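Good morning, colleagues. Please take a moment with the sequence and the structure before I begin.

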Amino acid sequence: MPTPSAVKSRLRSQQIETPSWAYGNSGTRFKVFAQPGVPRTVEEKIDDAARVHALTGIAPSIALHIPWDRVDDYGRLAKYAEAAGIRLGTVNSNVFQDDDYKLGSVTNPDPRIRRKALAHLLECVDVMDETGSRDLKLWFSDGTNYPGQDDIRARQDRLAEALAAVYDRLGEHQRMVLEYKLFEPAFYTMDVPDWGTSYAHCLQLGEKAVVCVDTGHHAPGTNIEFIVAFLLRAGKLGAFDFNSRFYADDDLMAGAADPFGLFRIMYEVVRGGGYEPETGVAFMLDQCHNIEAKIPAIIRSVLNVQEATAKALLVDRDELARAQNAGDVLAANEVLMDAYRTDVRPLLAELREEQGLDPDPLAAYRRSGYGERIVAERVGGEQAGWGA
Ligand SMILES: [Mn+2]
């Protein structure tokens, strides 16, 4: 088994991006339960993300969502983030909230609406030029609800055309990460329903197009770590949107519903070289906190990913390879489970103390009074939230 100090040294380089929208109000399809103290501006979202980073030491960037985080001067926003101790990360596009997009955005049968959607995606690349962001994350709600509603193949053509236009606009060091989702909001066909569709489009586009695996966007029972292993082997794993789910796209705290699944994913990441920074895999959260306090929930999620990573790094890969090559099924399984069953909390507490952090970031957050302070200070104005 790797030594605790070897594991700690690899954990020091971990970076998990938190999403601006998780700090704002969000809801289920039925109700948004507003929370006091929620950010009113993108700057306040940055303040909250900076607080998460200050306490965990491994959340140094915040993902933006355009138009929810639209500002006049992105260069100034980048400087604001820098002064707060973090940086602006992935830019997420949004072509799913306008009435125009009822029948789709880039795959809409109406060329006017397709042009509008494409213009938004290109605007997002302009934003990236100003923020210095590397990644444009694309998720399309496009699809159909009824057989015959639209031509499935023509929609793929329209999708490919839009993706190619965005790809051509990317700068040398910019990438597009293409997310997929099995269903919802469309229920008959989604235009990018699965990793295979995303992979096929990315392959055709070129090396700056890579796949984003959102852990909540699969059919129940899907073996996500297989997808991770496959995409890493193909050099096409671009990013993760971490969250956990019991049923559909639940967007619950990462590692809450299935910590073992998160460990298995992180093991394949480590095994496939995806943990090496030069591989370029972005580790992000994509969550909504509807009934729980937002900042502590994000801290908890970051810590859950860190914990799963620590366990994955603890796997004795030499021993595992020996057992696998000998065809020793039980021994191989035991090597993996030994790592999973290891309580890494003392090791992580030690790591934080070595980094000058509180060994218990959640307790430190509660003691800090930050939660009470933002409730007192953030009055008036409009609270940030979905569609705001
Ligand atoms: Mn996502």
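Let me begin with D251. This residue has 22 C-beta neighbours inside 10 Å, and because the threshold for a buried residue is 20 or more, D251 counts as buried. I should state at once that we are looking at a predicted model. The backbone at D251 deserves attention as well: its phi is positive, about 55°, although the residue is not a glycine. As to location, D251 sits in the loop that connects strand 9, residues 237–242, with helix 9, residues 259–271.

A second residue belongs beside this one. E184 is likewise not a glycine, and its phi is positive at about 80°. Is E184 buried, exposed or partly exposed? It has 13 C-beta neighbours inside 10 Å; exposed would require 12 or fewer and buried 20 or more, so E184 counts as partly exposed. The residue lies in the loop between strand 6 and strand 7.

E184 also brings us to the peptide bonds. The bond from E184 to P185 is cis, with omega near 10°. P185 is placed in the loop between strand 6, residues 175–179, and strand 7, residues 189–190. Thus E184 carries a positive phi and also contributes to a cis peptide bond.

Where else is a cis bond found? The peptide bond from I66 to P67 is cis, with omega near 20°. P67 occupies the loop between strand 2, residues 61–65, and helix 4, residues 74–84.

I turn now to the sheet. Eight strands form an open sheet with parallel pairing, in the order 1-2-3-4-6-8-9-10. Its edges are strand 1, residues 18–19, and strand 10, residues 282–285, each of which pairs on one side only. Strand 10 pairs with strand 9 in the parallel sense, over four bridges. Within that region, F242 stands opposite L285 of strand 10.

Finally, the helices that lie across the sheet strands. Helix 4, which follows the loop holding P67, lies across strand 2 and strand 3, the latter being residues 87–92, and runs at about 130° to strand 3. Helix 7, residues 195–205, lies across strand 6 and strand 8. The angle between helix 7 and strand 8, residues 209–214, is about 165°.

To close, I would ask you to revisit two places in the model: the cis bond from E184 to P185, and the positive phi of D251. Thank you for your attention.

Conventions: Residues numbered from 1 in each chain as written. Predicted model: local features only at pLDDT ≥ 70, side-chain atom pairs only at ≥ 80, totals over all residues. Helix = DSSP H or I, 4+ residues; strand = E, 2+ residues; numbered from the N terminus. Pairing = 2+ DSSP bridges. Contact = placed C-beta atoms within 7 Å. Axes fitted to C-alpha atoms, helices over the stretch in contact; angles between N-to-C directions.
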